[in-house]
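Have the model open in your viewer and a selection tool at hand. We will go from the whole chain to single residues, one stop at a time.

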Amino acid sequence: MPSMFIRVDADSSVHSNAELAKKLTEICPVDIFAQNPDGTLRIVEDNLDECVLCDLCVEACPPGAIKVVKLYEG
Ligand code: SF4
């Protein structure tokens with residue numbers, strides 16, 4: 001069974017938007033998003049393998065601003 005990994009691509013308008021960063025931090029059930037001290041978005045690389053592909057982050061952002069990219073290994 002190949003393991004699945006994902007990558008989250010958030011564009012710069014999301015990274016620099018403290019309000020969206022806060023929303024993403026609250027919405028992701030597995031804490032893939034966090035906020036830097038200045039309010040900008042930080043993607044928590046260590047938690048990426050916990051992603052449940054719920055798409056809540058995608059729905060919370062303007063269309064196309066965030067992408068959950070499925071990567072496969074094996
Ligand atoms: S798809 Fe769900 S679990 Fe994965 S990063 Fe987005 S909100 Fe988090």
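Here is a tour of this predicted model, stop by stop.

**Stop 1: the whole protein**

Start with a cartoon view and no selection. You should find three helices and four strands, and if you trace the chain from its start, they come in the order β-α-α-β-β-α-β. The radius of gyration is 12 Å, close to the 11 Å that the globule rule gives for 74 residues, so the protein is as compact as a globular protein of that length. Turn the C-alpha trace along its principal axes and it spans about 40 × 25 × 20 Å. Buried residues account for 18% of the 74 residues. If you like to draw contacts, take those between residues at least 6 apart in sequence: 56% of them join residues at least 24 apart.

**Stop 2: helix 2**

Next, select helix 2 (18–27). Which of its residues are buried? They are Leu20, Ala21 and Leu24. Look down the helix axis and these buried residues fall within an arc of 100°, so they line one face of the helix. Now roll the view round to the face turned away from the buried side, where you will meet the exposed residues Glu19 and Glu26. To see what covers the buried residues, show helix 1 (12–15), strand 2 (33–35), strand 3 and helix 3, which are among the covering parts.

**Stop 3: the largest nonpolar core**

In soluble globular proteins, nonpolar side chains tend to be buried together. Here the largest nonpolar core has 13 residues, and the ones to select are Val14, Leu24, Phe33, Leu41, Cys57 and Ile66, which touch the most other members. Two elements, strand 1 (4–10) and helix 2, give two or more residues each to this core. Helix 2 supplies the largest share, three residues.

Keep Phe33 on screen and add its contacts. Leaving out residues up to four places away in sequence, Phe33 touches Ala21, Leu24, Thr25, Cys28, Leu41, Ile43, Val44 and Cys57.

**Stop 4: the ligand**

Centre on the ligand and bring up its surroundings. Of the 14 residues around it, Cys28, Cys51, Cys54, Leu56 and Cys57 come nearest. Colour this shell by class and you get 13 nonpolar residues, one charged residue and no polar ones.

**Stop 5: the loop between strand 3 and helix 3**

Last, select the loop that runs between strand 3 (41–43) and helix 3 (56–60), beginning with Val44. Is Val44 buried, partly exposed or exposed? It is partly exposed, because 15 other C-beta atoms lie within 10 Å, and a residue needs 20 or more to count as buried. Beyond its neighbours within four places in sequence, Val44 is in contact with Asp31, Ile32, Phe33 and Ala34. For a distance to check, pick the C-alpha atoms of Val44 and Leu24: they are 12 Å apart, with the two positions 20 residues apart along the chain.

Further along this loop is Leu53, and Asp55 lies in the loop as well. Most residues other than glycine have a negative phi. Leu53, though not a glycine, has a positive phi of about 55°, and Asp55 has a positive value too, near 65°. Leu53 is exposed, with 10 other C-beta atoms within 10 Å. Asp55 also counts as exposed, with 10 C-beta neighbours inside 10 Å.

Key. Residues numbered from 1 in each chain as written. Predicted model: local features only at pLDDT ≥ 70, side-chain atom pairs only at ≥ 80, totals over all residues. Core = buried A, V, L, I, M, F, W, Y, C linked by C-beta atoms within 7 Å. Buried ≥ 20, exposed ≤ 12 C-beta atoms within 10 Å, placed from the backbone. Contact = placed C-beta atoms within 7 Å. Near = placed C-beta within 6 Å. Nonpolar A, V, L, I, M, F, W, Y, C, P; charged D, E, K, R; others polar. Rg over C-alpha atoms; globule rule 2.2 N^0.38 Å. Arc of directions from axis to C-beta.
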